[in-house]
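I went through a two-chain model with a list of lookups in hand. These are my entries, in the order in which I made them.

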Amino acid sequence: MPRITVTVDGVGYEEDVEPRLLLVHLLRDRLGKTGTPVGCDTSNCGACTVMLDGRTAKSCSVLAVQADGGEITTIEGLAANGEMHPMQRAFHEEHALQCGYCTPGMVMAAIDLVREDPHPSEEAVREGLEGNLCRCTGYCNIVRAVRRGAEDMAVRPS
Amino acid sequence: MSELGRPRRRKEDRRLLTGRTQWTDNLQLPGMAYVAFLRSPMAHARITRVDVSGARTLPGVLAAFSGEDFAGEQGSLPCAWPVSDDVVIPEHPPMAISEVRYVGEAVACVVATDRYKAADALEAIEVDYEPLEPVLDMREALKEGSPAVHPSGNRAFTWKFPQGDMAAALDGAPVVIERTYVQQRLIPSAMEPRAVVATTDGDGFTLWSATQIPHVLRVMLAMTTGIPEHKLRVIAPDVGGGFGSKLQVTAEEVLCLLITRKLGKPVKWTESRSEGNLTVHHGRDQIQHITLAAEADGRIRGLRVNLLADMGAYLMLVTPGVPLLGAFMFNGIYKMDAYEFGCTGVFTTKMPTDAYRGAGRPEATYAIERVMDELAAELGLDPLEVRRRNWIRHEEFPYTTIATLTYDSGNYEAATDRALTLFGYEELRAEQADRRDRGDPVQLGIGVSTYTEMCGLAPSRVLGSLRYGAGGWEHASVRMLPTGKVEVVTGSSAHGQGHETAWSQIVADSLGVPFDDISVMHGDTAISHKGMDTYGSRSLVVGGTAVLSACEKVKEKARKVAAHVLECAPDDVEFADGVFRVRGTDAGRTIQELSLATFAAHDLPDGIEPRLDSDATIDPENFSYPHGTHLCAVEVDTETGMTKIRSYVAVDDVGRVVNPLIVEGQVHGGIAQGVAQALFEEAVYDADGNLLTTTMADYLVPSAADLPTFVTDRTETPATSNPLGVKGVGEAGTIASTPAVVNAVVDALRPRGVHDIRMPCTPERVWRALEGAGS
């Protein structure tokens, strides 16, 4: 069984994994990082989105062995000293979540989007989040939250 | 600032935003094993052999079972709504034994030490099938000589509801419009797939499930499995959306309980999305024959509705009741002298249907709102004018409709006027005329939907008269703790709605304690001993009222303690902002201070127990009736068939509002789901009965890029049937938006000879409709 080394939310892990183990199952079942959920099995919904070496990845479509040597940030690693990340706060303020199942992936994707486009238009947010599905909100408040989060990130970079 | 009507940010958010959520699949118990199900690849077949022995010997496999292994104990999955004398409720074994009737039905299972080994071991199970004819088309299914889903045939029930003299309404009517509409089959697609964890200590059982109905589930599982109700605890932890799909007693819940009983170990099952698309109950799927008789000025004389409703292969928890919930709504907001409703439930070899957001009411609203547009077109009237000539005027409330419901309140004029202003109706009509004149390949269409719905399910007596198996009350407990904090236990079971926040606002308003001093608990039968759970836009109307009622009782107890402490008569004590005062003086005590005094119990009046807590069970006297006007403008490219929503305005009247943020969020999400039915989503089976839309790549749940920003506003006509004046908002958007969008698409193309397009109005369907119209 291959041995891999990963850093997840600042903590280093060394794990023996089956080659077929999905990154999301490494996170959830082995490392107890259950903040990242699984919403589909075809990489359409984006609920499992994490940061892998600084870019978003849908962790249901990445093998754990592919993440060997990588640095992973999940939704659990965003808040610092009990303070939520500006994007998390913006989602709260704009009521951009209901059941919250898509939220971890949505927030991770939004942060990545803002890194590329610090002041995204409404259209840019809608296009940029096309790979993350939400069934509850109708997206209006998510779009508002991402734009607000972008402005807050510009003022107080995380 | 009053707590009611305040846009409080949600208490639920922090754990959801930081990954501290307790989804069922997160749960890890010592020694827990994983269950995987082998599912039928055939729509209809006799099972001639199941051999699980190959799986049992694989490494990591604890056990493998076929349907025979559960034969003596699995019972039949319940249908709680035997709607008629002639209803046929077939045996529905959680695991098939001798025959499968839809693709995806469980035929065997494996229990293994991890998910991967369980999935591997399914490959080693051998099943022999003897194929039988699938039954896929409702009309064909009812014909003589059709292959039968069940030995009794394919007719599940017939249900008739005639009101007034329909024959007279049709006789000599200047206008008669007949249409057939198809409500396509939908997949609810909550973002959290279903998951179940079951465990036993050898005596009692605990079941965690991603369910909307922990209380109903407990009763039903006890009845199905024979596990005594008092030995079974059901927990709905954080649940990631439901939309009716988790209002169910599922095969997997029953089987996980039985497996944990057999093995004496905790087990977990989590479905994949593909598995879920196959086996989470589907929604809608009706063929609606509509006949509308009207006067030459557009006033409706009568409405006849004949439905075929696809039950799928079995009757699940409320499967046959769903079309009946629509039976009272086809007349919508309109006055008429006659109404005739008939429905035939039909068995097919597909996944059973059941409640999906709106459950019967979106189907009804779609039909009446579509046919009102056809009436307007026939008479050359503006669609809003034909509605105005028929709707119940605000001064006519309370109004008993032809379908025998009494709408307590409403103001359709006010909601419509507000929507027209926000929409810019006249300007858009002018642009539409201009595009038509110019022969613009991109045509503009305007769609109207003036809807109402019945919410707050439901008065128990009404449910009883409709043969539903349970009541519609709701329960709440409110208890003040020694330090003045408040715990609220609700019998409704939130799965994204925000009950923890809204209920806190009701309590804060009633008891005058700070919002942050209140916590709300739900979803665990060991904590919330009594409840009817969450569906049918009932939680605030029934459950919120129960919370308020419990608060009022607590306050009355506290008043007696206050009078004793303040040395005056209870009638001389007045209460405001959380403080009891002797009338006309400054002398007072906060209710939170009285809570400590009551806990200490050193000096209580005679006959007063040392507790400031109470509970209440509320059975509503009537449904509630939200209403509103939704307006949609679409641009339809007549060359490609592509539809784009240009603008969407929703003005809803959901009565008094506890939290406007939550209300707006519910409306947004509801509209999105209704738009999805109009434009994107359909569960498609092929000619052999295989579901083709098993992934989110095939079943098109819309993304942010597919939807516009919705403009929402409200009018506020309080409900008169509950003390909060609330009406419910969970389903309004979904009910209203589907006809608004399709009316808009048809309106864009009507000059080209198009009078209907079957949902979803995909580019291909729109293009074909244009071709078929010979334009």
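**Entry 1: the sheet in chain B**

I began with a residue pair: Thr180(B) stands opposite His289(B), which is in E13(B). The model is predicted, so I noted that local features need pLDDT of at least 70, that side-chain atom pairs count only at pLDDT 80 or more, and that totals for chains, interfaces and linings use all residues. Residues are numbered from 1 along each chain as its sequence is written, and chains are lettered from A and ligands numbered from 1 in the order in which they are written.

For the elements I used DSSP runs, numbered from the N terminus: helices are H or I of at least four residues, strands are E of at least two. Two strands pair if DSSP finds at least two bridges between them.

The pair Thr180(B) and His289(B) belongs to the antiparallel match of E8(B) with strand E13 (residues 283-294) of chain B, joined by 11 bridges. I then looked up the whole sheet: it is open, has five strands, and follows the order E7-E15-E14-E13-E8 in chain B with mixed pairing. Strand E7 (155-163) and strand E8 (175-186) of chain B are its edges, each pairing on one side only. From one strand to the next, the twist averages 10°; axes are lines fitted to C-alpha atoms, for helices over the stretch in contact, and angles run from 0 to 180 degrees between N-to-C directions.

At the other edge, E7(B) runs antiparallel to E15(B) over eight bridges. There I found Pro162(B) with Glu340(B) as its bridge partner in E15(B). E14(B) and E15(B) are parallel, with 10 bridges, and Gly302(B) has Ala338(B) as its bridge partner in E15(B).

**Entry 2: cover on the sheet**

What lies across E8, E13 and strand E14 (300-312) of chain B? I found helix H10 (residues 361-379) of chain B there, running at about 145° to E8(B).

Strand E15 (residues 338-347) of chain B is mostly covered, with nine of its 10 residues buried. I call a residue buried if 20 or more other C-beta atoms lie within 10 Å of its own, exposed if 12 or fewer, and partly exposed in between, with C-beta atoms placed from the backbone.

I picked Ala309(B), in strand E14 of chain B, as a single-residue check. Is Ala309(B) buried or exposed? Ala309(B) is buried, because 27 other C-beta atoms lie within 10 Å. Ala309(B) touches Gln286(B), Pro323(B), Cys343(B), Gly345(B) and Val346(B), leaving out residues up to four places away in sequence; contact here means C-beta atoms, placed from the backbone, within 7 Å. Thr353(B) is 44 residues from Ala309(B) in sequence and 9.2 Å away, C-alpha to C-alpha.

**Entry 3: the nonpolar core**

I took a nonpolar core as a set of buried Ala, Val, Leu, Ile, Met, Phe, Trp, Tyr and Cys residues joined through C-beta atoms within 7 Å. The largest one has 298 residues, and those with the most contacts inside it include Ala64(B), Cys109(B) and Val745(B). Helix H16 (residues 539-566) of chain B supplies the largest share, 13 residues. Domain 1 (3-77) and domain 2 (86-155) of chain A both give residues to this core, so it lies between them.

I followed up Cys109(B): among the residues that it touches, beyond four places in sequence, are Phe37(B), Ala64(B) and Leu255(B).

**Entry 4: chain A and its contact with chain B**

I counted five helices and five strands in chain A, running β-β-α-β-β-β-α-α-α-α from the N terminus. Its radius of gyration is 15 Å, close to the 15 Å of the globule rule for 158 residues, so chain A is as compact as a globular protein of that length. The radius is taken over C-alpha atoms, and the rule is 2.2 Å times the number of residues to the power 0.38. Buried residues are 57% of the 158 in chain A.

Domain bounds come from an automatic or database domain assignment. The centres of domain 1 and domain 2 of chain A, over C-alpha atoms, are 21 Å apart. Their contact takes 15 residues from domain 1 of chain A and 11 residues from domain 2 of chain A.

Last, I looked up the chain contact: 39 residues of chain B meet 49 residues of chain A. On the chain B side, H18(B) gives the most, with six residues.

Key:
Two residues are in contact if their C-beta atoms, placed from the backbone, lie within 7 Å.
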